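Ready for some practice in reading a protein structure? Work through the exercises below with the model open beside you, and try each task before you read its solution.

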Amino acid sequence: MVHLKKVTGKQEAQSARCFKKIMENSSRENSCFRTSVQPGTMDKANSSVVPEFVLLGLCSSQKLQFFYFFFFSVLYMVIVLGNLLIILTVTFDTSLHSPMYFLLGNLSFIDICQASFATPKITADFLSEHKTISFSGCIAQIFFIHLFTGGEMVLLVSMAYDRYVAICKPLYYVIIMSQRTCTVMVTISWAVGLVHTLSQLSFTVNLPFCGPNVMDSFFCDLPRVTKLACLDSNIIEILIVVNSGVLSLSTFSLLVSSYIIIFVTVLLKSSAAMAKTFSTLASHIAVVILFFGSCIFIYVWPFTIYPVDKLLDIFYTVFTPILNPIIYTLRNRDMKAAIRKIVNYYLRPRIISEMSLVVRTSLH
């Protein structure tokens, strides 16, 4: 019995020591757990796990990469120089100091910004085998694309309203479309674009990115970025539809309604007025169809990524900004006359003076 009690006492002492160690280990684990869920550590983990995104680009062929590099470089130069020419012409030619051309100059400025947010990097990536963009750079691209596209949508509605007042209420045009009204319209377009992009970023910046970082695109766009998040993206896609889809559809509906009212009003007047009005609005309609068509297709149905989405991305980021200088300089008589006047005023005297100097030197 004495021996049994000694053994039992030893077992109890060992059990007490084991229990003490278990409690110490569990307390350490609990303290580790408490430190691992401190505020802000999840955000640091997310940003550190995916520091950059890999872009697959337009194609993988090396020959096509060089062709695209040259093609996009020429397009970007035409976009910047063409829209800059429109801005300078509208600014310095007093005959174009009217609401229509004031809005057109602002549209050209937005087109330059819209083409510049991603096109230079897209062009440079054609010469790089490993196409990457940092997390902050990706967020910046999303911010600027929605700022400029949202602002352009509202500005196109303002231009349609200007044409509606000019055609349907010509006697009140000067009163309604005053300088103050035009300034308010431009300010509203930038404000809507800013609110639109900030609302998009409010649920994009905090998305958890913990693994996949490859995008089948040539720049960061919201539907593709949300597909890489480590959560169910259905709610995010619904928010995209509510935000971008509603903005695209509402502005497009306003544009279509204004054009229908204009055509019905002119149709009741005369065929000559109808032909002149259609010639004036044809440029607006071409820009609206290409720009809004691609935006609506991408942002109203973001749940599925289609191969044609790349082509539509090119349309509203590259081809739409180039339509502005082409249409408004080749189809508009006033713009062509103003550009010719500026070229004659600033360039021809210099050419004549240089030619006279060459003639004098050759005679001597």
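A pocket here is an open set of grid points with protein on both sides within 12 Å along at least five of seven lines, and its volume is the space filled by probe spheres set on the points. Keep in mind that this is a predicted model.

**Exercise 1. The second largest pocket**

Find the volume of the second largest pocket, and work out which helix gives the largest share of its lining.

*Solution.*
- Start with the volume, which is about 230 Å³ for the second largest pocket.
- Next, look at the lining: it has 16 residues, and Val-90, His-97, Ser-98, Tyr-101 and Phe-102 lie nearest the centre of the pocket.
- Then see which elements give two or more residues to this lining: they are α3 (62-92), α4 (99-116) and α8 (179-202).
- The largest share comes from α4, with six residues.

**Exercise 2. The span of a helix**

Check whether the distance between the ends of helix α10 agrees with the span expected from its number of residues.

*Solution.*
- Helix α10 covers residues 234-267, which makes 34 residues.
- The expected span is 1.5 Å times one less than the number of residues, so α10 should span 50 Å.
- In the model, the end C-alpha atoms of α10 are 47 Å apart, which agrees.
- Now follow the axis of α10: at Gly-245 there is a bend of about 30 degrees.

**Exercise 3. Two residues to classify**

Decide whether Thr-320 and Met-215 are buried or exposed, and list what each one contacts.

*Solution.*
- Locate them: Thr-320 sits in helix α12 (residues 309-330), while Met-215 belongs to strand β3 (residues 214-215).
- Buried means under 20% relative accessible area. Thr-320 has 1% relative accessibility, so it counts as buried. Met-215 also has a relative accessible area of 1%, so it is buried too.
- Leaving aside neighbours within four places in sequence, Thr-320 contacts Glu-152, Val-287, Phe-291 and Phe-315.
- With the same kind of neighbours left out, the contacts of Met-215 include Phe-53, Leu-55, Cys-138, Cys-220 and Leu-228.
- Finally, try a distance: Met-215 and Thr-132 are 83 residues apart along the chain, and their C-alpha atoms are separated by 9.8 Å.

**Exercise 4. The whole chain**

What share of the 364 residues in the chain is buried, and how many helices and strands are there?

*Solution.*
- Buried residues make up 41% of the chain.
- The secondary structure consists of 14 helices and three strands.

Technical notes: Residues numbered from 1 in each chain as written. Predicted model: local features only at pLDDT ≥ 70, side-chain atom pairs only at ≥ 80, totals over all residues. Heavy atoms only, no water. Helix = DSSP H or I, 4+ residues; strand = E, 2+ residues; numbered from the N terminus. Bend = angle between axes of the 7 residues up to and from the residue. Buried < 20%, exposed > 50% of the residue type's maximum accessible area, 1.4 Å probe, protein only. 1 Å grid on protein atoms, 1.4 Å probe; cavity = no way out; pocket = protein on both sides within 12 Å on 5 of 7 lines; lining within 4 Å. Contact = heavy atoms within 4.5 Å.
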